[in-house]
Amino acid sequence: MKVLVYTVLLSIMVLVGCNDGTTPGSYQSIIMVNGTEYVLTQPENENVQYDRDKGIGKIERKVPIEQIPDTHLSSNELPKGTKIYSTIQDSEYIIAKRPDMDKELLYTLQKNLKSAE
């Protein structure tokens with residue numbers, strides 16, 4: 001009986017020791033525009049509508065999801081060719097229109113999220 005208990009305990013310790021503690025995390029979708037980071041967001045007030053204004057450009061470079069984009073019109077989540085627009089209502093928001101989706105995504109300045117926390 002003691003042998004069985006020790007075997008089970010040893011097996012548990014070996015299994016726990018094999019776990020390197022790295023599990024896939026979740027990452028924030030980021031767009032870099034003119035040196036400014038914009039992050040995917042939802043409007044605080046669901047009744048507020050953000051409309052497209054002028055075209056800023058298209059995503060030119062996609063970096064790995066865990067990396068923060070560091071060049072103009074790059075993203076860690078959006079595919080190349082995603083159209084980026086300013087908004088009529090607020091200059092601190094931009095809209096992304098993915099070529100593979102029918103809906104528009106709203107992004108806000110990174111500083112807006114930090115001040116809301």
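Let me begin with the overall layout: the secondary structure of this chain comes to two helices and eight strands, and, reading from the N terminus on, the elements run α-β-β-β-β-β-β-β-β-α. Please keep in mind throughout that what you see above is a predicted model, and that every value I quote is computed from it. Of the 117 residues in the chain, 30% are buried. As for the contacts, if we take those with a sequence separation of 6 or more, 49% of them are accounted for by residues that stand 24 or more positions apart.

I would like to turn next to two aspartates, beginning with aspartate 51, which lies in the loop between strand 2, residues 36-40, and strand 3. Is this residue buried, exposed or partly exposed? Aspartate 51 counts as partly exposed, because its relative accessibility is 33%, and the class of partly exposed residues covers whatever falls between under 20% for buried and over 50% for exposed. If we set aside residues up to four places away in sequence, aspartate 51 touches Ser86, Thr87, Ile88, Gln89 and Ile95. A distance along the backbone may help you to place it: aspartate 51 and isoleucine 94 are 43 residues apart in sequence, and their C-alpha atoms are 9.3 Å apart in space.

The second one, aspartate 53, belongs to strand 3, which spans residues 52-58. With a relative accessible area of 40%, aspartate 53 is likewise partly exposed. Which residues does aspartate 53 contact, once its neighbours within four places in sequence are left aside? They are Tyr85, Ser86, Thr87 and Ile88. The C-alpha atoms of aspartate 53 and isoleucine 84 are separated by 9.9 Å, with their positions 31 residues apart along the chain.

There is also an arginine to look at in this region, since arginine 52 has its charged end over the ring of tyrosine 85, at 4.7 Å from the ring centre. On the subject of rings, a search of the whole structure finds one aromatic pair.

From here I move to serine 91, which has its place in the loop between strand 6, residues 83-87, and strand 7, residues 93-97. Serine 91 counts as exposed, because its relative accessibility is 66% and the exposed class begins over 50%. Serine 91 and aspartate 53 are 38 residues apart along the chain, and the separation of their C-alpha atoms is 10.0 Å.

Now a word about the backbone. Most residues other than glycine have a negative phi. Asparagine 34, however, is not a glycine and has a positive phi of about 50°; this residue sits in the loop between strand 1, residues 30-33, and strand 2. Leucine 73 is not a glycine either, and has a positive phi of about 60°; its loop is the one between strand 4, residues 61-62, and strand 5, residues 74-75. How do these two stand with respect to the surface? Asparagine 34 is exposed, with a relative accessible area of 60%, whereas leucine 73, at 4% relative accessibility, counts as buried.

Finally, let us consider the largest pocket, which holds about 260 Å³ of space. Its lining is made up of 13 residues, and those closest to the centre of the pocket are Gln42, Pro43, Glu104, Leu105 and Leu106. Which element gives the largest share of this lining? That is strand 8, residues 104-109, with three residues. Sorted by class, the lining has seven nonpolar residues, together with three polar and three charged ones.

To close, I would ask you to look once more at the two aspartates in the model, aspartate 51 in its loop and aspartate 53 in strand 3, and then at the pocket lining, to which strand 8 gives the largest share.

Key:
Residues numbered from 1 in each chain as written. Predicted model: local features only at pLDDT ≥ 70, side-chain atom pairs only at ≥ 80, totals over all residues. Heavy atoms only, no water. 1 Å grid on protein atoms, 1.4 Å probe; cavity = no way out; pocket = protein on both sides within 12 Å on 5 of 7 lines; lining within 4 Å. Points joined across faces, edges and corners; volume = space filled by probe spheres on them. Helix = DSSP H or I, 4+ residues; strand = E, 2+ residues; numbered from the N terminus. Nonpolar A, V, L, I, M, F, W, Y, C, P; charged D, E, K, R; others polar. Phe/Tyr/Trp six-rings, centres within 6.5 Å; stacked < 30°, edge-to-face > 60°. Lys NZ or Arg CZ within 6 Å of the ring centre and 35° of its normal. Buried < 20%, exposed > 50% of the residue type's maximum accessible area, 1.4 Å probe, protein only. Contact = heavy atoms within 4.5 Å.
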